[in-house]
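Please open the structure in your viewer and keep the selection panel at hand. The tour proceeds by successive selections, each followed by a description of what is found there.

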Protein chains: 2
Amino acid sequence: MNQHVTIRDVAAAAGFSVNTVSRALNDKPDVSPETKARVLEAARRLGYRPNKLARGLRSNKTQTIGVIVADIANPFFGAVVKGVEEAAREHDLSIILGNTNEDYEKEEKVIQTMLSERVDGLLVTPVQTKNATIIKLEESGMPFVLLGRHFKDLETDYVASDDVQGGFLATERLIKLGHRKIAFINGPLHVSSAKERFQGYKAALERYGLVLKPTLVKNDAITMEDGYRVARLLLSHTSRPTAVFAYSDFVALGVIEAAHECGLAIPDDLSVVGYDDTNFARGLAVPLTTVHIPIDELGKLSIEILREKINGSNVTRQVRVPVKLVIRKSDAEVHAFGD
Amino acid sequence: MNQHVTIRDVAAAAGFSVNTVSRALNDKPDVSPETKARVLEAARRLGYRPNKLARGLRSNKTQTIGVIVADIANPFFGAVVKGVEEAAREHDLSIILGNTNEDYEKEEKVIQTMLSERVDGLLVTPVQTKNATIIKLEESGMPFVLLGRHFKDLETDYVASDDVQGGFLATERLIKLGHRKIAFINGPLHVSSAKERFQGYKAALERYGLVLKPTLVKNDAITMEDGYRVARLLLSHTSRPTAVFAYSDFVALGVIEAAHECGLAIPDDLSVVGYDDTNFARGLAVPLTTVHIPIDELGKLSIEILREKINGSNVTRQVRVPVKLVIRKSDAEVHAFGD
DNA sequence: CTGTTAGCGCCTTCAT
DNA sequence: ATGAAGGCGCTAACAG
């Protein structure tokens, strides 16, 4: 239960002034090798541990960044945070975690707290029901990078995957398999990734001369339950879709469950394409065709850019990482029946 | 890009001393209502944000706890952290996240960093290949609670689920379905949860008069790939098991994949029971029978106990939360062929 | 009820 | 190459 050892204790033990100890501990010039050795030895012996609070207070650098995501229990965000954490630790940055649960109020509160914590910078997956928090964040001067989502009308830095491309690739694939009635069970449209995947979906339809049928597009699906519920409705219709493109692998899971209950085999009676390439996707009974996001790259890049901002760069970086379609077994050529 | 507003700025603006401002801001007694109102107003107007570093330095309370888990990308730990974060924020505690990746060295480093950060307490899922870090942590006087795992020979506080019970329930279920050859594809035995699930497995066999066949027990499976690999070996045998109990739902996913490749139908030819009740478990083509852990309760309890420790309690709390078996469709009565 | 003073642990001038 | 002094922003005595 030792009281904390301070730099003064080390100084006393080594027989130097606090200043010299500080210089020795921080690899500053103008310290003789022997002195440094003695200081380090004393520090080690006493179990000295620098107080980051004091250091941060003095230097205005906390070596800590805030990471705010929408749902850490979602394996996609889990993987993102894992990548971010690893990249951050490589630069001796610690991470303060915030989980918004897609709740705007919580986002607001968490950002305030992190500003109080004097983090060096922020990585944020915004809830996007409003943008006031992010605008305020800009005004605060705190360096930040949006992660995985971005605002069309805000000139902030961001790192995201190319959702337009993802939506296009998935839809194009289904079109090329001969599908004409391709349902899109999408997420909430205020979220940029959902909005842009929808753009990709539309672009693919257009590119191949198909018309968009509004009845085949459903929004606001996030969970497996959502996917299940919507798919039940969609599949019970007489002119049901022959393919479903889902906002996430979880939503796809719900679709698959609904298909089974409707007596529809996958992929023979219904093609399904997911999104995220979550780690269970290839383990499903019918391995899921899905859009793969290079998550590690997202993590690394976002940290890299955030560090640039922290170091004073004022060029705005807006990065879209390309995705790729992973074709497995949940999609197949459409069976012959017209529309 | 405003410079930070300090308590002095607020004091000047409100026409009071820093002390009065501090008292007003912290709801301390002996401040007249009007004064308080004026201070609050000035603070709001200037956009004052308390500096947590200064506060922590002064008061020795950072309102921050460290949370160290093995793999945040694993939805189980993701859910745990989500619960913990929520419970923590309710008490205005922030969370510094550490991810060990089951790497002991990283655990050591992360704990050191968090001690430097002067967190108020620590929640740790230990790697358990060694226990020196945890012993050192005890000696440091930092309050901490182990989360999900514990050491048999260390008298530390912990909150975990009852893994012996979980192992027993899963095995018992399979026995009652008539299975005699029940394989157990377990995790690494240095991890307490794996060790205790094995105890449960043994206890169930014993209880029902079955003998343990060492060839049916495999360790060190963590990922889906591990499960797949081990299951391939196990299932290719002539006297293959009729049931598999897996360390996690992910491992079970690998087992299922292997079974398919071996032409074995689930549950008719092979029963499979998983562990964790991960959110995809019920969405599988054959919904997975698995052991459910009340994760939210784990999170809430661990925060509660950690707060007790932080507040000076020195009673040791070792809590095992009961689990329950969720029976779905991946297990069935054994087909008639002897052993 | 309010103000003054000191100091948490560290780093940054500025001397020596 | 080393030391002394000051101050980062805040809260805890202690006065008044």
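Select DNA strand D together with helices H2 and H4 of chain A and H2 and H4 of chain B; each of these helices supplies at least two residues of the surface near that strand. The model is a predicted one. H4(B) makes the largest contribution to this surface, with 5 residues. Within 6 Å of the strand, by C-beta position, there are 25 residues, of which Ser17(A), Thr6(B), Ile7(B), Asn51(B) and Ala54(B) are the closest. By residue class, the surface near DNA strand D comprises 9 nonpolar, 12 polar and 4 charged residues.

Next, move the selection to DNA strand C. Which residues come nearest to this strand? Of the 26 residues around DNA strand C, they are Ile7(A), Asn51(A), Ala54(A), Asn19(B) and Thr35(B). Two or more residues of this surface come from each of helix H2 (18–25) and helix H4 (52–59) of chain A, and from each of helix H2 (18–25) and H4 of chain B. Here H4(A) provides the largest share, 5 residues. The division for the surface near DNA strand C is 10 nonpolar, 12 polar and 4 charged residues.

Now hide the DNA and select the contact between the two protein chains. Chain B brings 40 residues to the contact and chain A brings 41. On the side of chain B that touches chain A, two or more residues come from each of helix H4 (52–59), helix H5 (75–90), strand E2 (94–99), helix H6 (104–116) and helix H11 (249–261) of chain B. H5(B) gives the most to that side, with 6 residues. The residues on that side of chain B are divided into 20 nonpolar, 13 polar and 7 charged.

Keep the contact in view and select strand E2 (residues 94–99) of chain A with E2(B). The two strands are paired in the antiparallel sense over 3 bridges. To locate one of the pairings, pick Ile95(A), whose bridge partner in E2(B) is Leu97(B).

Extend the selection outward from this pair to the whole sheet. The sheet is open and consists of 12 strands in the order E11(A)-E5(A)-E4(A)-E3(A)-E1(A)-E2(A)-E2(B)-E1(B)-E3(B)-E4(B)-E5(B)-E11(B), with mixed pairing. Its edge strands are strand E11 (318–321) of chain A and strand E11 (318–321) of chain B, each of which pairs on one side only. From one strand to the next, the twist averages 20°.

Within the chain A part of the sheet, select strand E4 (residues 144–147) and strand E5 (residues 158–161), which pair in the parallel sense over 2 bridges. Leu146(A) is found opposite Tyr158(A) in E5(A).

Then add H5(B) to the view. This helix lies across E2 of chain A as well as strand E1 (64–69), E2, strand E3 (121–124) and strand E4 (144–147) of chain B, and runs at about 170° to E1(B).

Finally, select chain A alone. Chain A contains 12 helices and 12 strands. Its radius of gyration is 26 Å, well over the 20 Å that the globule rule gives for 339 residues, so chain A is more spread out than a compact globule. The C-alpha trace of chain A spans about 90 × 40 × 30 Å along its principal axes. Of its 339 residues, 52% count as buried. Among contacts in chain A with a separation of 6 or more, 70% are between residues 24 or more positions apart.

Technical notes:
Residues are numbered from 1 along each chain as its sequence is written. Chains are lettered from A and ligands numbered from 1 in the order in which they are written. This is a predicted model: local features need pLDDT of at least 70, side-chain atom pairs count only at pLDDT 80 or more; totals for chains, interfaces and linings use all residues. Two residues are in contact if their C-beta atoms, placed from the backbone, lie within 7 Å. Helices (H or I, at least four residues) and strands (E, at least two) are DSSP runs, numbered from the N terminus. Ala, Val, Leu, Ile, Met, Phe, Trp, Tyr, Cys and Pro count as nonpolar, Asp, Glu, Lys and Arg as charged, and the others, Gly among them, as polar. Two strands pair if DSSP finds at least two bridges between them. The radius of gyration is taken over C-alpha atoms; the globule rule is 2.2 Å times the number of residues to the power 0.38. A residue is buried if 20 or more other C-beta atoms lie within 10 Å of its own, exposed if 12 or fewer, and partly exposed in between; C-beta atoms are placed from the backbone. Axes are lines fitted to C-alpha atoms, for helices over the stretch in contact, and angles run from 0 to 180 degrees between N-to-C directions.
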